[in-house]
Amino acid sequence: MRAVACPPEDVVSDTQSLIENRPSSVATLFLERVEATPDGEAYRYPVPPESGEGPDEWRSYTWAEAARRVYAIAAGLMALGVRPEDRVAIASSTRVEWILADLGILCAGGATTTVYPSTNTEETAYILGDSESRVLIAEDVEQLAKVRERRAELPRLQHVVLIDAAGCEDGGDPGESGTAGDSGDWVLDFAALERRGEEYLREHPEAVRETVGALRSDQLATLIYTSGTTGQPKGVRLTQDAWSYMGKAIAQTGLVTGDDVQYLWLPLAHVFGKVLTTGQIEVGHVTAVDGRIDRIIENLPVVRPTYMAAVPRIFEKVYNGVASKAKAGGAAKYRIFQWAAGVAREYGRVTQDNFRRTGVASAPAGLRAKHAVADRLVYAKLREAFGGRMRACVSGSAALAPDIGFFFSGAGVHILEGYGLTESSAASFCNPGEAYRTGTVGKPLPGTEVRIADDGEVLLRGPGIMEGYHRMPEKTAEVLEEDGWFHTGDIGELSPDGYLRLTDRKKDLIKTSGGKYVAPAEVEGRFKAICPYVSNILVHGADRNFCTALIALDEPSLMGWAEERETLKGRPYTEVVTSEEVRELIDGYVEELNGTLQRWQTIKKFRVLPRDLDVEHGELTPSLKLKRPVVEREFGELIDEMYAGSREA
């Protein structure tokens with residue numbers, strides 16, 4: 001092993017206190033939060049207008065109001081027979097009911113099994129069966145239909161609770177006479193569950209508090225199934241202590257305060273979204289919840305958040321959208337944007353470098369003057385689009401292209417990259433506020449240890465590390481050592497002062513037939529910062545004598561470009577994307593990319609894909625990560641075509 005990152009001396013004692021004195025469960029953290037600030041605003045959520053037209057109305061829950069619903073849900077689950085560590089699944093998009101349901105499950109002593117609403121019937125049945133979930137909290141009849149088809153294969157699944165029962169013929173309140181197995185008791189709606197819980201609490205008023213008080217730190221709290229690229233997904237077992245630790249560790253970083261307003265749209269079935277709810281409970285700030293991705297741009301000026309977490313694809317889309325809009329405004333506007341983007345990147349690099357050396361984010365007078373002009377012309381509008389109050393954004397789940405990170409840094413939208421995995425409860429590293437460094441994932445959270453193996457792999461140890469893979473001891477042994485060190489599969493390096501820079505996934509590194517190593521994510525990230533029309537790119541070249549690329553384009557950006565050309569105007573996307581004009585357009589950006597690369601990294605050939613990559617075709621995970629084997633298999637003919645006639649063919 002080469003390096004170990006340790007916390008600064010001035011936080012060692014605080015970190016030790018954090019480890020020794022944290023509560024046994026996040027349910028305890030929730031009860032403590034409700035007691036501390038019962039009248040404080042906890043959650044905001046949108047309510048669409050009854051007419052279906054016009055803007056949403058945003059409503060709120062205080063912590064006390066949220067607790068009343070959580071208690072009713074918890075007691076309702078107890079009335080259905082849920083006992084400590086029994087699994088209760090949630091298959092729903094991100095909405096306030098997801099959070100209330102999760103807290104209800106935890107306060108009943110149960111363990112939440114997360115299911116993406118986009119998961120198909122077969123995989124949903126596998127997850128529910130493998131986890132032995134007793135209850136499913138489903139968003140709507142679409143999710144209900146998936147389990148109804150496979151009900152005979154799920155003998156442990158005794159109840160389905162519908163958040164939105166519209167269109168369900170067998171939903172409703174089964175009443176006191178209903179028992180497990182009765183046809184009328186298998187499906188009930190959310191309101192019926194809460195009514196049942198209220199009745200249960202009248203008979204057992206201390207049931208929830210007693211259950212939470214009896215929880216042990218080593219009990220199972222969450223089962224999150226990783227979206228594997230091959231075979232069945234693995235269930236990651238995260239304990240009560242992992243989430244309690246995460247809440248305390250996030251608060252310890254000082255990145256968020258009780259005055260913050262978080263905008264939460266990330267999928268809560270993913271560990272990145274889930275950990276954000278835990279940190280909020282400990283800190284006590286407001287969270288506005290709406291998982292509709294198509295409403296993000298509309299919601300930001302309404303919610304006016306002070307921080308938001310997102311995956312890099314969101315920032316790439318914002319950047320490409322701004323660039324495309326500028327280009328559509330004519331040559332003069334596009335030149336102004338390109339100039340402003342260059343100033344932003346330079347300003348971001350210089351101020352970060354100076355802060356590292358002197359503790360002050362300063363810039364030379366000439367650069368400050370250019371930055372002030374660019375701010376009036378470009379950056380101020382960009383910040384307003386984010387709501388005008390954004391202190392910082394957190395980026396995770398995949399690597400953010402440094403050029404895009406520096407652009408936003410210089411524009412005053414500070415993106416703090418972080419790092420973690422499902423197996424580490426998401427938040428293992430995060431950039432430290434003003435001292436953030438674009439291109440790194442920051443420093444380890446208090447209480448988390450890191451070291452770099454001889455082959456460059458990042459190893460982690462700490463309270464956030466999983467208990468293991470559910471019913472997969474052999475798979476667990478492959479990544480988790482007996483002394484607690486977890487093998488992440490990521491390659492990285494630590495700076496002398498503890499900042500981690502990731503280079504690639506260990507399994508994704510390309511070794512060409514000439515023996516040269518290529519980190520595809522690095523090349524892909526550079527291209528995303530150059531080309532405003534790209535949506536996804538996959539660099540291929542393992543055991544080949546040169547690298548190639550499959551490039552998927554963003555439809556709105558490309559169609560805006562096409563409308564300016566007589567030969568393409570009015571033609572559908574399928575014709576535009578396969579046109580010679582588009583091939584020549586992308587070829588120019590590939591040539592620009594190659595000018596920044598070593599010879600063996602350059603893209604010798606490429607193909608523009610006929611459509612974008614997406615979750616529905618299985619090419620992206622629900623958190624928008626690229627599934628390389630799936631893409632390479634799906635478009636294998638195009639890859640073979642690029643190598644046809646070469647010396648290796």
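## Phe-315 and its partner

Phe-315 is buried in this predicted model, with a relative accessible area of 0%. Any value under 20% counts as buried, so there is no doubt about the label here. Phe-408 is buried as well, and its relative accessible area is also 0%.

Counting ring pairs across the model gives 15 aromatic pairs. Phe-315 and Phe-408 form one of these, in an edge-to-face arrangement, with 6.0 Å from centre to centre and 65° between the planes. Phe-315 belongs to helix H12 (residues 312–328) and Phe-408 to helix H15 (residues 402–411), so their contact ties together parts of the chain that are 93 residues apart in sequence.

## A second link between H12 and H15

Tyr-319 and Phe-407 also make an edge-to-face aromatic pair, at 5.0 Å between centres and with 75° between the planes. Here again distant parts of the chain are linked: Tyr-319 is in helix H12 and Phe-407 in helix H15, 88 residues apart. As for exposure, Tyr-319 is buried at 6% relative accessible area, and Phe-407 is buried at 2%.

## The wider cluster

Which residues join these rings in one aromatic cluster? Phe-315, Tyr-319, Phe-407 and Phe-408 share the cluster with Tyr-334, Phe-337 and Phe-386.

## Charges over tryptophan rings

Two tryptophans are worth a look in your viewer. The ring of Trp-186 has the charged end of Arg-151 sitting over it, 4.0 Å from the ring centre. At Trp-243, Lys-274 lies over the face of the ring, and the distance to the ring centre is 4.3 Å.

How values were computed:
Residues are numbered from 1 along each chain as its sequence is written. This is a predicted model: local features need pLDDT of at least 70, side-chain atom pairs count only at pLDDT 80 or more; totals for chains, interfaces and linings use all residues. Side-chain values use heavy atoms; hydrogens and water are left out. Rings of Phe, Tyr and Trp (its six-membered ring) pair if their centres lie within 6.5 Å; planes under 30 degrees apart count as stacked, over 60 as edge-to-face and the rest as tilted. Helices (H or I, at least four residues) and strands (E, at least two) are DSSP runs, numbered from the N terminus. Buried means under 20% relative accessible area, exposed over 50%, partly exposed in between (1.4 Å probe, protein chains only). A charge sits over a ring if NZ of Lys or CZ of Arg is within 6 Å of the ring centre and within 35 degrees of the ring normal.
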